[in-house]
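User: Please examine the model shown here and answer some questions on its confidence, its fold and its surface.

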Amino acid sequence: MVAVPIPRSGASSQSRYPQAFASYSEVPAAGSASLPAPAPSPQSASADWTHYVAAGTLLAGGVLIATGRRRAGVAVAAAGTAMALLEEQETVRTWWKNLPGYLNDAQHFLDKIEGYLKEASVQGQRIQSILRK
């Protein structure tokens, strides 16, 4: 059970909050007169518009695919993906270096699934042979 202090009649609104929260209410917000907002760097401004273009083309590609224009949708989505990948070159390099490990893990996973399916098939044949007797 949590104890909640009940303010007395006529008490100020600041007495309703514990002391830990009172210090947070006194911190000025970014962009206020006390604390100016940080200025965007030129590099982040260029990265922002490319992210918007990439997101827009991916969205447009999805809409085209959903409306039945598959070829156009795939082409537009591929262009958006290429735009996004151009901005994230370091991430692409990291993925490319790790790709053999990812493929090995995927192959191992698919081998396990194949083994389970074979075992299920064998068990299904055994059950069918038992039921036919």
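The questions and answers below take up these topics in turn.

Analyst: This is a predicted model, in which local features need pLDDT of at least 70 and side-chain atom pairs count only at pLDDT 80 or more, while totals for chains, interfaces and linings use all residues. Residues are numbered from 1 along each chain as its sequence is written, and side-chain values use heavy atoms, without hydrogens and water.

User: Which element of the protein has the highest mean pLDDT?

Analyst: pLDDT is the predictor's confidence in each residue, from 0 to 100. For the protein the mean is 76, and 65% of the residues reach 70 or more. Among the elements, helix H1 (residues 19-25) has the lowest mean, 46, and the highest, 92, belongs to H4.

User: How many contacts beyond near neighbours in sequence does the model have for residues 20-25?

Analyst: Where pLDDT is low, predicted coordinates should not be read in detail. Residues 13-18 stay under 50 in pLDDT and have one contact (heavy atoms within 4.5 Å) beyond four places in sequence. Over residues 20-25 the pLDDT is also below 50, and the number of contacts beyond near neighbours is zero.

User: What pattern does the protein follow along the sequence?

Analyst: Helices (H or I, at least four residues) and strands (E, at least two) are DSSP runs, numbered from the N terminus. The protein has four helices and zero strands. Its pattern is therefore read as α-α-α-α.

User: Which helix gives the most to the nonpolar patch on the surface?

Analyst: Patch residues have over 30% relative accessible area and no salt bridge; like charges are joined within 9 Å, and nonpolar side chains (Val, Leu, Ile, Met, Phe, Trp, Tyr) within 5 Å. This patch consists of Leu85, Val92, Trp95, Trp96, Leu99, Tyr102 and Leu103, with about 750 Å² of accessible area together (Shrake-Rupley method, 1.4 Å probe, only the protein chains shown counting as cover for residues). Six of its residues come from helix H4.

User: Is Trp96 buried or exposed?

Analyst: Buried means under 20% relative accessible area, exposed over 50%, and partly exposed in between (1.4 Å probe, protein chains only). Trp96, found in helix H4, has a relative accessibility of 66%, so this residue counts as exposed.

User: Which residue meets Arg93 in a salt bridge?

Analyst: A salt bridge is a side-chain nitrogen of Lys or Arg within 4 Å of a carboxyl oxygen of Asp or Glu. The partner of Arg93 lies three residues away in helix H4, about one turn. At 3.4 Å, N to O, that partner is Glu90.
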